[in-house]
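This report walks through the open and enclosed spaces of one structure, and then turns to its aromatic rings, its cysteines and two backbone details. Please keep the sequence and the model in view while reading.

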Amino acid sequence: MAARNASTTSSVGAHPRDRKRSVAEEPVTSVLAGGDVPVPRDGETWNADEEVLAALGYKPEFKREFTLWTTFCVSFAVLGLLPSFASTLYYGMGYAGTAGMTWGWLVAMIGIQSVAASMAELCSSMPTSGGLYYAAAVLAGPRWGPLAAWLTGWSNWFGQVTGAPSVNYGTAAMILAAASIQNPEYVPNDYQTFLLTIFIMIIHACMASFPTRWIAKVNSAGSTFNMIALVIVIIIIPAACDRTAHGLSKFNPSSAVWGDIYEGTSYPAGVSVLMSFISVIWTMSGYDSPFHLAEECSNANIASPRAIFMTSATGGIFGWFLQLVVAYTVVDIDAVLSSDLGQPFAAYLVDVLPKPVVLAVLSLTIIAGFAMGQGCMIAASRVTFAYARDDCLPFSFLLKKVNTRTQTPVNAVWFNSLVGCLVLLLIFGGSIAIGAIFSIGALAAFVAFTIPIFIRVFFVGNNFRPGPWNLGRFSIPIGVVASAFVALMVPILCLPSVTGSDLDASGMNWTAVVYGGPMVLIMIWWVVSARKWFTGPKVNVQHMMLGNEGAVIEGKEAGSGSEDGEAVVVDGKGKGL
């Protein structure tokens, strides 16, 4: 599964013009026809990774300074188990209690790991920054490829652009909660939370504008801290737990932890457990980052899919350990959810730990949250750049520019930051309104993750050309599980926690409106205008037809591919075979 394909290892750095290596000789599924031969411009040479990228239709624009480890570090930082858990404890514990946190997490991870594995397989075959968007376009063929790419791209972008704001909002809330614990007379208000979150966003935007080498080092340090902090918290909470001060046993009995389903919603217990999966899904939603960093990673069609799979598996295991620790030590779920601190994780810590330990754990979580927000900012900027490169976004002519000094998409970084700051105005709409950004992130990401997986499983089947990292004969079954899990969870993520006469505007789940509204507008845009000019991924690498070496074609635009995922570029225009 992880064996390096010979076509990407031989003659590293050799000139493709001399070797005349066609797209068909590379382990890729591409918008280019199998007989096309990508060629570098005069004076350029390509290494193995750049040959693979060229076979996908794109010229190299980034320095490949990410390794498997540093790519995993960015991904794990975006995953941010500790701060993600802290930010979404309200949903994980509040909807179904400890049962949803223990065996509920395991059930959810079956579906999530299936999605991650299927995505990793796509990444190995199509290691581009466009990732899922590119995959959807190629796999859907010339008729439906542009629409599939349009929906996948916008849904993924919505999920990415809300990532940093939601993480930074959670970090800001924890900082202010720590201040309130230190000084009980201080009560944070909305504008303080808003301004602090904006300040963190600006810091992250500045850091995400650094050169790739610096970003890799910063994220490596941040991810390492995330791992260390997670292990420390998993150990320190049960060790320092003082439940006995409340007249309780050291830990909750297993029968209660695994068997009691908290009545946090108006739905039957089974539905409540499914609703609690929002915590798992949002916490585990960073594993797609290696896909978007593939053009900056060496040995990308092996390292990037490995990083995806490793991030999801490692996160699932350690996340479950953290869930168990909290489930076995929580004192009063109602008190945690209704605390004046406004941050359930902080309220939980106050109940079970001495004050100095509470502040220490919160400090670790805040630093980890800062690193996580930085990773989200980086991943989102690469997504924006990739879509702008294909003129999918407004102002694409600005967003697709790479800074000549840092060789990073600086314009995309600051555009995302501006959009994120606007999204944070939801803070003034109350806790339910701002809470929608967590559901949006989970829902938008899941829809984008699954569109190309669904197409690959149910429409392309065995015609898919896998890369060197693949699932073999388990590919289709795992893809079916992934698709079924997402189909189940999409409507669940839109349900309000109460029903009937208890449901009013303050208790409404606004996810369907905040995510669905823009997606409806995107579809209207498609029908009215975009379908006439948007053709999916655009080729920007020059190439020639095999057997016609004298005619070098300037890559300008490609269709979404043929039914086999291929297209011929003639005079810069894509035509399905």
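## Pockets, cavities and local features

Helices α6 (132-161) and α20 each contribute at least two residues to the lining of the second largest pocket. The structure shown here is a predicted model, and the description below starts from this pocket before moving to the other spaces.

Within the lining of the second largest pocket, α6 gives the most, with 9 residues. The space in this pocket amounts to about 350 Å³. Its lining is made up of 16 residues, and L139, A140, W144, I455 and F459 are the closest to its centre. Sorted by class, the lining of the second largest pocket holds 12 nonpolar, 2 polar and 2 charged residues.

The largest pocket offers about 900 Å³ of space. It is lined by 43 residues, and Y169, G342, S431, I432 and I434 are the ones that lie nearest its centre. Several helices take part in this lining with at least two residues each, namely α4 (81-101), α7 (163-182), α8 (190-208), α15 (333-338) and α20 (431-460). Among these contributions, that of α20 is the greatest, with 7 residues in the lining of the largest pocket. By class, the lining of the largest pocket comprises 26 nonpolar, 15 polar and 2 charged residues.

Enclosed spaces were searched for as well, and the whole structure contains 8 cavities of 30 Å³ or more. About 220 Å³ of space lies in the largest of these cavities, and among the 20 residues that line the largest cavity, V78, G159, G163, S285 and C376 are the closest to its centre. Helices α6, α7, α17 and α20 each supply at least two residues of this lining, and the largest share, 4 residues, comes from α20.

The table sets out the residue classes of the three linings.

| Space | Nonpolar | Polar | Charged |
|---|---|---|---|
| Largest pocket | 26 residues | 15 residues | 2 residues |
| Second largest pocket | 12 residues | 2 residues | 2 residues |
| Largest cavity | 9 residues | 10 residues | 1 residue |

Helix α7, which supplies at least two residues to the lining of the largest pocket and likewise to that of the largest cavity, can also be considered by itself. How many of its 20 residues are buried? The helix is mostly covered, since 17 of the 20 residues of α7 are buried. Its length can be checked too: at 1.5 Å a residue, the 20 residues of α7 should span 28 Å, and because the end C-alpha atoms are 29 Å apart, the two values agree.

Aromatic rings form a further theme, and the count comes to 32 aromatic pairs. One of them joins F454 and F458 in a tilted arrangement, with 4.7 Å from centre to centre and 40° between the planes. These two residues are 4 residues apart in helix α20, so they are separated by about one helical turn. F454 is partly exposed, with a relative accessibility of 36%, and F458 is likewise partly exposed, at a relative accessible area of 44%. Elsewhere among the rings, one aromatic cluster is formed by Y133, W150, W154, W157, F158, Y387, F415, W525, W526, W533 and F534.

The cysteines can be described briefly. How many disulfides does a search of the whole structure find? The search finds 0 disulfides. C241 is buried, with a relative accessible area of 6%, and C376, which is among the residues closest to the centre of the largest cavity, also counts as buried, at 8% relative accessibility.

Two backbone details remain. Most residues other than glycine have a negative phi. N299, although not a glycine, has a positive phi of about 55°. N299 lies in the loop between α13 (289-292) and α14 (300-329), where it is partly exposed, with a relative accessible area of 32%. F395, another residue that is not glycine, also has a positive phi, near 60°. The place of F395 is the loop between α17 (355-389) and α18 (396-399). Is F395 buried or exposed? With a relative accessibility of 53%, F395 counts as exposed.

Notes. Residues are numbered from 1 along each chain as its sequence is written. This is a predicted model: local features need pLDDT of at least 70, side-chain atom pairs count only at pLDDT 80 or more; totals for chains, interfaces and linings use all residues. Side-chain values use heavy atoms; hydrogens and water are left out. A disulfide is a pair of cysteine sulfur atoms within 2.5 Å. Buried means under 20% relative accessible area, exposed over 50%, partly exposed in between (1.4 Å probe, protein chains only). On a 1 Å grid over the protein atoms alone, a cavity is a set of points where a 1.4 Å probe fits but cannot get out, and a pocket is an open set with protein on both sides within 12 Å along at least five of seven lines; lining residues have an atom within 4 Å of a point. Grid points are joined across faces, edges and corners, and a volume is the space filled by probe spheres set on the points. Ala, Val, Leu, Ile, Met, Phe, Trp, Tyr, Cys and Pro count as nonpolar, Asp, Glu, Lys and Arg as charged, and the others, Gly among them, as polar. Rings of Phe, Tyr and Trp (its six-membered ring) pair if their centres lie within 6.5 Å; planes under 30 degrees apart count as stacked, over 60 as edge-to-face and the rest as tilted. The expected span of a helix is 1.5 Å times one less than its number of residues.
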